[in-house]
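Let's take a walk through a protein together, one stop at a time. Keep the sequence and the 3D view open, and find each residue as we come to it.

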Amino acid sequence: MSVNPFDLSDSKIRDLAYQTHLNDNAKCDTQILFTMVSTLLSKSRLPEGGSSSFQPGLHTLKLISGQMINATSGVQYVHQTTMWILEQFKNYSWDAKALLTLAAFAFKIHGIESLEAPRTTEVQSRSRWKVPPIVTNILEWVMEALEHIWEWLKLSSSGYHTEDVPSVSDGFNEIPLLVYWITASLVASIANILASSDYKLPDFIDRLSSVDNNLKERLNLIKQEIEEFEDYLRRKEMFSQTEDVVSMLRIFCEPTPKFSIVKVYDGKTKTKKKHVLLYFSGFNSIDSEISFLNYIHKKLEENPKEAVKGYRKEEFKILCIPIADNKDDSAKIKLRFETLKKYIKCYAVEYFSKLPGLRLIKEELNYSGKPIMPMLTPTGDMMNEDAMDLIFQWGIEAFPFRKTDGEYLSQKWRWFWDVLKKLKIRIQLEGRKYIFIYGGNNRGWIQNLALALDKLKGHETIERADDVIEHYQLGKNDPGAIYRFWKEIEIKKASNLGSEIQEKMESLLCLKGDPHGWVVLSKGSNVKILGHMEPLCETVMEFEIWKDKVLQKEGFDIALKEYYDAKLKEMEAQKLKEMEAQKLEAQRVKELEAHKLKQMEAQKLREQETQKLKEQEANHKPNDDDDAKVKKKVPVDATPPPFRTPKKSICEQICSCIKGIFEPCCSCD
């Protein structure tokens, strides 16, 4: 199968070349052979006093050169011949493969048939083939490439591990590819000279020079990595002998002849005799952390001389050390830092390239690219390997930011997480994570909150803040968990775990009766909000209104609580207003009912008096005049006039009716 090497990728050619390699066991006197070849190519003669024999011998070179001149009529034959030569040299080292091919070319061009009796310059000149300038150019590239291969061999055998100098492995990847193009270029060149072929040698030069330049870049990286590794060893030795925090910071950031001076924005020596919170973070995420750092800085300045657990806040300082990535543009980083300086309140290192002590920071402080905040004492001892999560969860409450302070604070809500654990609700509390836990009987509000939280998780602002949001609906898969949850809380409350914890339990139990539901928001293991479903759900749903506060405030929870509190206050005010209106309406109804009752009582009194009057009329004895009146015929269709209540007193009315029958009463004339 004919193959055009110019149609193959570098990786394909590299694989083909490497497949021909077996081992490096065959002996080759590379130093002797190189001296002979370089002298022959530069002076057109073999060196005087040269060895009459060498390994692998002249006969091998003749075999190779004989095959080389047969590569005519197409680049596919150059590829076939090149692969054949590499196969012949499968037991030789990579530098020997290239050197033997070059020797075969040189000996054939200069007509070297024997090493026993070297020819004079005149004889050699007459038998020498004419070498075109472009072939001379190829030979120069081949010689330079060989030098680079030997330089790589020297560096790779200097005893450094690939973990310390990783570019050694990268450099080796270029070697088989380079040897292939050395061999192919020499095959095409000798075919053009001796067999009148017309290969386009500039194409071979382009590929050969390109691969060689790649190797040169790898060699420079290897040297740089070796230099950095030696610098790392020096810093590591110094690190083991540090006696104060300032010396440790110098080890991390001090310049070397290779590294420029590192500046500290807003102070250099102010960290002496101080506890130092070191904040390491990449430039990609530091802007979202500024509000967090400023929050801690502000809290440390409040009541600075106040003693807390044997420490004063004025004894603690924050030093921000941004870590530049190798791929970052230092000019852009510098411009960005100048902008960030306007907002940074704490101290910050100004360095916009790879930090001199970065490897030591990674190794000794476990920095892996994610933000960390180790705490150092004035003597340089490690007070806390990483106070980041502790401060994230508890803020200034965690002062002085020791691990034991976090363990003490976690007791505040351990009862709550123990209940969830007992219910087999698995929630990971590690890392910078906000957790919503909610429940209730109103499915509508629960669904609205779940949808709003899912939307919130992928919001651009949340991603910029580098926050993680998770949410869990209590009883979603196990309705019985709701009953067990409240039962366990009541059992815990009966255990009397302390007044502070009792108050928290009572606050949680008060949410149980909310008809809309309840929500718990925690920041890690620190519960930040025990909230009512309706106002908190609306707070999440209205995130677009307050999203900018997430980066402006000290964190997502602070911004959310501020909006939630306002929303809750607004709802409570509205509810109070409605209650007042209901109270007024109830008062009005009460007054109407009282008035109606009063009217009913008056009507009842009138009816009683009327009934009494009728009874009195029915019970009195009539006189003769009355009988005459009764006997008087009354028309059938005549109707008595309606009874009209006179505007007289009751006594007067009675007296008027019986006047002439009884004696007047005491009050009548």
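What follows is a short guided tour of some spots in this chain. Please keep in mind that this is a predicted model.

Let's begin with a helix and what it touches. Find Glu144, which lies in helix 7, the run of residues 133-156. In the same helix you will find His148. An α-helix has 3.6 residues a turn, so residues three or four places apart point the same way. With that in mind, look at the partners of these two residues. Leaving aside neighbours within four places in sequence, Glu144 is in contact with Asp212 and Lys216. By the same kind of count, His148 touches Asp212, Leu215, Lys216 and Leu219. Asp212 and Lys216 therefore appear in both lists, that of Glu144 and that of His148, where contact means heavy atoms within 4.5 Å. Are these two helix residues buried or exposed? His148 counts as buried because its relative accessibility is 9%, under the 20% cut-off. Glu144 has a relative accessible area of 31%, so it is partly exposed. Here is one more thing to notice about Glu144: this residue and Ser209 are 65 residues apart in sequence, but their C-alpha atoms are 9.7 Å apart in space.

A similar story can be told about a loop. Ala26 sits between helix 1 (10-19) and helix 2 (30-43). Which residues does Ala26 touch, apart from those up to four places away in sequence? They are Asn91 and Tyr92. Ala26 and Ser93 are separated by 67 residues along the chain, while the distance from C-alpha to C-alpha is 7.8 Å. With a relative accessibility of 24%, Ala26 counts as partly exposed.

Now let's look at some backbone details. A cis peptide bond joins Phe399 and Pro400, with omega at about 10°. You can find Pro400 in the loop between helix 14 and helix 15. Two other loop residues have a positive phi without being glycine. One is Lys309, with phi near 55°, in the loop between strand 3 (307-308) and strand 4 (311-312). The other is Asp466, with phi near 60°, found between helix 17 (460-464) and strand 10 (468-473). Lys309 counts as partly exposed because its relative accessibility is 39%. Asp466 is also partly exposed, at 37%.

The next stop is an open space. The second largest pocket holds about 530 Å³. Of the 19 residues that line this pocket, those closest to its centre are Gln393, Trp394, Gly406, Ser410 and Ser525. Which helix gives the most to this lining? Helix 15 does, with seven residues. Helix 14 (388-394) and helix 15 (403-422) each supply at least two lining residues. Sorted by class, the lining of the second largest pocket has five nonpolar, seven polar and seven charged residues.

One of those central pocket residues, Gln393, also takes us to our next stop, since Lys523 is in contact with it. Lys523 belongs to strand 11, residues 518-523. Is the lysine buried or exposed? With a relative accessible area of 7%, Lys523 is buried. A polar atom of its side chain lies 3.0 Å from the backbone oxygen of Phe392. Beyond its neighbours within four places in sequence, the contacts of Lys523 include Lys433, Tyr434, Lys528 and Asp557 as well.

Strand 11 comes up again when we turn to helix 20. In this helix, which spans residues 533-541, Met533, Pro535, Leu536, Cys537, Thr539 and Val540 are buried. What do the buried residues of helix 20 pack against? Their partners are strand 9 (433-439), helix 16 (443-457), strand 11, strand 12 (526-532), helix 21 (543-546) and helix 23 (556-619).

Let's end with the cysteines. How many disulfides are there? The count comes to zero. Cys346 shows why no bond is counted there: the closest cysteine sulfur, in Cys320, is 5.6 Å from its own sulfur, too far for a bond, since a disulfide needs the two sulfur atoms within 2.5 Å. Cys346 is buried, with 1% relative accessibility. Cys28 counts as buried too, at 16%.

Methods. Residues are numbered from 1 along each chain as its sequence is written. This is a predicted model: local features need pLDDT of at least 70, side-chain atom pairs count only at pLDDT 80 or more; totals for chains, interfaces and linings use all residues. Side-chain values use heavy atoms; hydrogens and water are left out. Helices (H or I, at least four residues) and strands (E, at least two) are DSSP runs, numbered from the N terminus. Buried means under 20% relative accessible area, exposed over 50%, partly exposed in between (1.4 Å probe, protein chains only). A polar contact is a pair of N or O atoms within 3.5 Å; within protein, one must be able to donate a hydrogen and the other to accept it, and residues adjacent in sequence count only if both atoms are side-chain atoms. On a 1 Å grid over the protein atoms alone, a cavity is a set of points where a 1.4 Å probe fits but cannot get out, and a pocket is an open set with protein on both sides within 12 Å along at least five of seven lines; lining residues have an atom within 4 Å of a point. Grid points are joined across faces, edges and corners, and a volume is the space filled by probe spheres set on the points. Ala, Val, Leu, Ile, Met, Phe, Trp, Tyr, Cys and Pro count as nonpolar, Asp, Glu, Lys and Arg as charged, and the others, Gly among them, as polar.
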